[in-house]
Amino acid sequence: MSASVVETLRPFGEVREHEPMSRHTTLGVGGPARVYFRPHDRVMLIRAVRALDAGLPCLPLGRGSNLLVLDEGFDGIVIDLAPLNHVSCKGRLVMAEAGARMSRVASACVQAGLSGLEFLATVPGDIGGGVAMNAGAFGQQMSDCLREVCCLLRDGSETWLPVDALGMGYRRCHLPEGAIVLEARFELEPAQPALVRDRIRRMRARRSETQPLDQPNCGSVFTNPEGMHAARLIEEAGLKGKAIGKAHISEKHANFIVTEPGAKASDVLALIRLARQTVRERFGIDLVPEVRIVGGGS
Ligand SMILES: Cc1cc2nc3c(=O)[nH]c(=O)nc-3n(C[C@H](O)[C@H](O)[C@H](O)COP(=O)(O)OP(=O)(O)OC[C@H]3O[C@@H](n4cnc5c(N)ncnc54)[C@H](O)[C@@H]3O)c2cc1C
């Protein structure tokens, strides 16, 4: 498929073949994308999707902070949304395009004196990935303040969906099949900028105390089973510090897997399998990966 897809996409942005996904994920591992596409802007993205065969596998990419791409790579088109990064505030409303860094949106909220999305300052992803994952922390989550989302569907049409249509829950969002989030609109509560800034400062401090932020990782590997902490289960199963290849379960936070230079996705995957199997055997609990595992026929 590559040659014709590359020619189809070239007028609309930057196109590369066999692009290593290790360059585009915070874990720093992952095999090649058959085609990597970075549109010039939103209009070009829409034109490109209209020009593509709707049956081709596509993977929208934010910051890659919740992605494990297997070593075999992704046999399709990775669409990097970074160029769609406009952010604006009007009254209590915040409008952010998919590729806007969450931390930038948090800064805009501080300046506008708006509260409700402070946690965004502590999550390294983009708004589109945050919506797709219903990202959250410190008792806040995207869906609390989200009002509507503009999606690009595989037939090239754009549609605004209200939050109620997305079935959002804990790290869950049911986007229409193959939809790409283009933009999200949030409604927040007015607050003193100094207060919002102070909440962010405290959240950041808590993060660096408890998480291995100095090593490549993808945040929490597993969702927390109801009423429990995945980290505690993994720790009690005796796996803290366990290494496979160049990846290991963090000593600082057992629900984090960290990598060293030379790590492979298969090292990370083996640790995920080991943690699931050990926790299942010890406690009868099935840990569910929060990290999205893609590629290699996964
Ligand atoms: C140090 C660290 C701390 C973290 N802390 C948290 C935390 O506290 N809370 C939390 O919830 N997460 C946390 N994460 C995980 C991650 O940051 C979030 O899941 C984030 O929302 C992912 O955003 P992203 O842009 O990186 O998405 P990606 O990793 O690029 O993509 C994640 C998924 O979303 C899809 N996607 C991405 N963009 C779009 C789009 N525009 N339209 C449709 N689908 C899309 C992708 O195809 C993929 O399936 C952390 C990660 C790290 C590395």
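## Close-up views of a predicted model

**View 1. E14, R16, E19 and R23 are joined in a network of salt bridges.** The model shown here and in the views below is predicted. Within the network, the side chains of R23 and E19 form a salt bridge, with an N to O distance of 3.4 Å. The two partners sit in contrasting surroundings. R23 is exposed, with a relative accessible area of 58%. E19 is buried, at 3% relative accessibility. Over the whole model, the count comes to 22 salt bridges.

**View 2. E189 and R92 meet through their side chains in a salt bridge.** The N to O distance is 3.1 Å. This pair links distant parts of the chain, 97 residues apart. E189 belongs to strand β14 (residues 189–190). R92 lies in the loop between β6 and β7. How accessible is E189? E189 is partly exposed, at 47% relative accessibility. R92 is partly exposed too, at 36%.

**View 3. R147 and E187 form a salt bridge.** The closest N and O atoms are 3.2 Å apart. Here the pair links strand β11 (residues 146–152), which holds R147, to strand β13 (residues 180–187), which holds E187. The partners are 40 residues apart, and the pair links distant parts of the chain. R147 is partly exposed, with a relative accessible area of 36%. E187 is partly exposed as well, at 31%.

**View 4. C150, C151 and C173 are shown in a structure that holds zero disulfides.** A disulfide is a covalent bond between the sulfur atoms of two cysteines. The rule applied here asks for cysteine sulfur atoms within 2.5 Å. Why does C151 form no such bond? Its closest cysteine sulfur, in C150, is 6.9 Å away, which is too far for a bond. For C173, the closest cysteine sulfur is that of C151. That distance is 7.7 Å, again too far for a bond. C151 is buried, at 0% relative accessibility. C173 also counts as buried, at 12%.

**View 5. Helix α3 (residues 102–112) carries a set of buried residues.** These are M102, V105, A106, A108, C109 and V110. An α-helix has 3.6 residues a turn, so residues three or four places apart point the same way. What covers the buried residues of α3? The cover includes strands β6 (87–90), β7 (93–97) and β8 (114–115). It also includes helices α4 (127–133), α5 (142–145) and α6 (193–210). Just after α3, G113 takes a positive phi of about 65 degrees.

**View 6. N66 is placed in the loop between β3 (58–61) and β4 (67–69).** Is N66 buried or exposed? At 13% relative accessibility, N66 counts as buried. A polar atom of the N66 side chain lies 3.0 Å from the backbone oxygen of E290. Beyond its neighbours within four places in sequence, N66 is in contact with M133, C218 and S220, and also with E290, V291 and R292.

**View 7. Domain 1 and domain 3 share an interface.** The protein chain is divided into domain 1 (2–80), domain 2 (87–210) and domain 3 (230–294). The C-alpha centres of domain 1 and domain 3 lie 28 Å apart. Contact involves 10 residues of domain 1 and 14 residues of domain 3. The size of an interface is often given as the accessible area lost when the parts come together. How much area is buried between domain 1 and domain 3? The value is about 1,100 Å², and carbon and sulfur atoms give 67% of that area. On the domain 1 side, L27, N66 and L68 lose the most area to domain 3. Together they account for 50% of what that side buries.

**View 8. Polar contacts cross the interface of domain 1 and domain 3.** How many residue pairs are in polar contact there? The rule finds eight, with both residues of each pair at pLDDT 80 or more. β4 gives the most to the side of domain 1 that touches domain 3, with three residues. Salt bridges between domain 1 and domain 3 number zero.

Definitions and conventions
Residues are numbered from 1 along each chain as its sequence is written. This is a predicted model: local features need pLDDT of at least 70, side-chain atom pairs count only at pLDDT 80 or more; totals for chains, interfaces and linings use all residues. Side-chain values use heavy atoms; hydrogens and water are left out. Buried means under 20% relative accessible area, exposed over 50%, partly exposed in between (1.4 Å probe, protein chains only). Helices (H or I, at least four residues) and strands (E, at least two) are DSSP runs, numbered from the N terminus. A polar contact is a pair of N or O atoms within 3.5 Å; within protein, one must be able to donate a hydrogen and the other to accept it, and residues adjacent in sequence count only if both atoms are side-chain atoms. Contact means heavy atoms within 4.5 Å. Domain bounds come from an automatic or database domain assignment. Buried area is the accessible area (1.4 Å probe) that two parts lose on being put together, summed over both. A salt bridge is a side-chain nitrogen of Lys or Arg within 4 Å of a carboxyl oxygen of Asp or Glu.
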